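Student: I'd like a close look at one part of this protein, the metal site. Could you walk me through it and then through what lies around it?

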Amino acid sequence: MTDTHEAAQALVTAGKRLVDAGLSPGSSGNISARAGDDILLSPTGSALDRLDPDGLTVLRLDGALIKGPRPSKEYPLHLAFYRRSTQTAAVVHVHSPYAAAASLLPAWRPHSALPPLTPYFVMRVGQAPLIPYAAPGDADQARLIERHEMAFRAVLLQNHGPVTSGRTVEEAVDATIELEEASRLAILTAGQRVNVLTAEQARSLAEQYGSPWEV
Ligand SMILES: [Zn+2]
């Protein structure tokens, strides 16, 4: 069980990392971490690089507000990932430029919006399906993610942006950064003939690093 104080501090550090990396344009995005039965979430309208560890929103898995300010309306996305897996200890959702741009493109395959362009994308993110568009905070979209039968630790919300999860806050942030990088490559090479990793290469990496990837 992660200590509440430790989880809050990890979120403060993660928020700064995301802003420093340019992944939270206009103070957008929301991040969360699990601490026992509670979910700590950045409050609505908060700048991710100025989070107060004692002023975070605390929710239960059923969405009940335990304490703190009102959560972002996008909180159902976070709860969907925690409900999918007890292994999920953190969720990051941002509107980062390249991943948002990649969310406008047709999905590469049903199991992943992006192809296996680099080994690190397969290792740190794994397959990330494109989830059909819905307005921010849509409960049905969150339910779709929660009940999706495919294995994944990240998704790309169509015309919106990425949601990544991790077994630690650092892992979820690393996945966000890696997904942004893979999206950047996809945008830079859109319309060009590119070599992607073969199915066998992707499968072998996924197996070795324990990441979800169907071939
Ligand atoms: Zn959003």
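**The zinc site and its surroundings**

Tutor: Happy to. The zinc ion takes its protein donors from Glu74 (OE), Glu74 (OE), His93 (NE2), His95 (NE2) and His160 (NE2), at distances of 2.0 to 2.6 Å. Please keep in mind that this is a predicted model. Along the chain, the donors of the zinc ion are spaced as E-x18-H-x1-H-x64-H. His95 sits in the loop between strand E5 (90-93) and helix H3 (97-102), and His160 in the loop between strand E7 (154-157) and strand E8 (161-166), so this pair ties together parts that are 65 residues apart in sequence.

Are His95 and His160 buried or exposed? His95 counts as partly exposed, with a relative accessibility of 26%. His160 counts as buried, at 11%. The cut-off that separates these two labels is a relative accessible area of 20%, because buried means under that value.

Next to His160 in the numbering comes a residue worth a look for its backbone. Asn159 has a positive phi of about 55° although it is not a glycine. Most residues other than glycine have a negative phi. Asn159 belongs to the loop between E7 and E8, and at 43% relative accessibility it counts as partly exposed. Another residue with a positive phi that is not glycine is Ser27, where the angle is near 60°. Ser27 is placed in the loop between helix H1 (4-20) and strand E1 (30-35), and with a relative accessible area of 39% it is partly exposed.

Now for the space beside the donors. A search of the whole structure turns up 1 cavity of 30 Å³ or more, and the volume of the largest cavity is about 40 Å³. Two zinc donors, Glu74 and His160, appear in its lining, together with Pro76, Leu77, Pro136, Gly137, Asp138, Gln141, Ala142. Helix H2 (75-84) and helix H5 (139-147) are the elements that give two or more residues to this lining.

The loop that leads into H5 also holds Ala134, which is placed between strand E6 (130-131) and H5. Ala134 counts as buried at 11% relative accessibility. From Ala134 to Ser204 there are 70 residues in sequence and 34 Å in space, C-alpha to C-alpha.

Compare that with Leu205 in helix H7 (residues 199-209). The C-alpha atoms of Leu205 and Met123 are separated by 6.4 Å, with their positions 82 residues apart along the chain. Leaving out residues up to four places away in sequence, Leu205 touches Pro119, Val122, Met123 and Leu197. Leu205 is buried, with a relative accessible area of 15%.

Glu178 also reaches residues far from its own helix in the numbering: outside its neighbours within four places in sequence, its contacts are Thr118, Tyr120, Phe121, Arg124 and Val125. Glu178 lies in helix H6 (residues 169-188) and counts as buried at 11% relative accessibility. Other buried residues of H6 include Val169, Ala172, Val173, Leu179 and Ala186. As for the shape of H6, its 20 residues should span 28 Å at 1.5 Å a residue, and its end C-alpha atoms are 29 Å apart, so the two values agree.

H6 comes up again when you look at H1. The buried residues of H1 are Ala7, Ala8, Ala10, Leu11, Val12, Ala14, Gly15 and Leu18. What covers them includes E1, strand E2 (38-41), E5 and H6. E5, you may recall, is the strand before the loop of His95. H1 passes the length check as well: 17 residues at 1.5 Å each should span 24 Å, and the end C-alpha atoms are 24 Å apart, which agrees.

To put these parts in one frame, an unreviewed UniProt entry annotates residues 9-187 as "domain: Class II aldolase/adducin N-terminal". That span is 35% helix and 18% strand, and its end C-alpha atoms lie 34 Å apart.

Note on methods. Residues numbered from 1 in each chain as written. Predicted model: local features only at pLDDT ≥ 70, side-chain atom pairs only at ≥ 80, totals over all residues. Heavy atoms only, no water. Donors = N, O, S within 2.8 Å, 3.2 Å for Na, K, Ca; no water. Helix = DSSP H or I, 4+ residues; strand = E, 2+ residues; numbered from the N terminus. Buried < 20%, exposed > 50% of the residue type's maximum accessible area, 1.4 Å probe, protein only. Contact = heavy atoms within 4.5 Å. Expected span 1.5 Å × (residues − 1). UniProt positions renumbered as here; feature names shortened; annotations may be inferred. 1 Å grid on protein atoms, 1.4 Å probe; cavity = no way out; pocket = protein on both sides within 12 Å on 5 of 7 lines; lining within 4 Å. Points joined across faces, edges and corners; volume = space filled by probe spheres on them.
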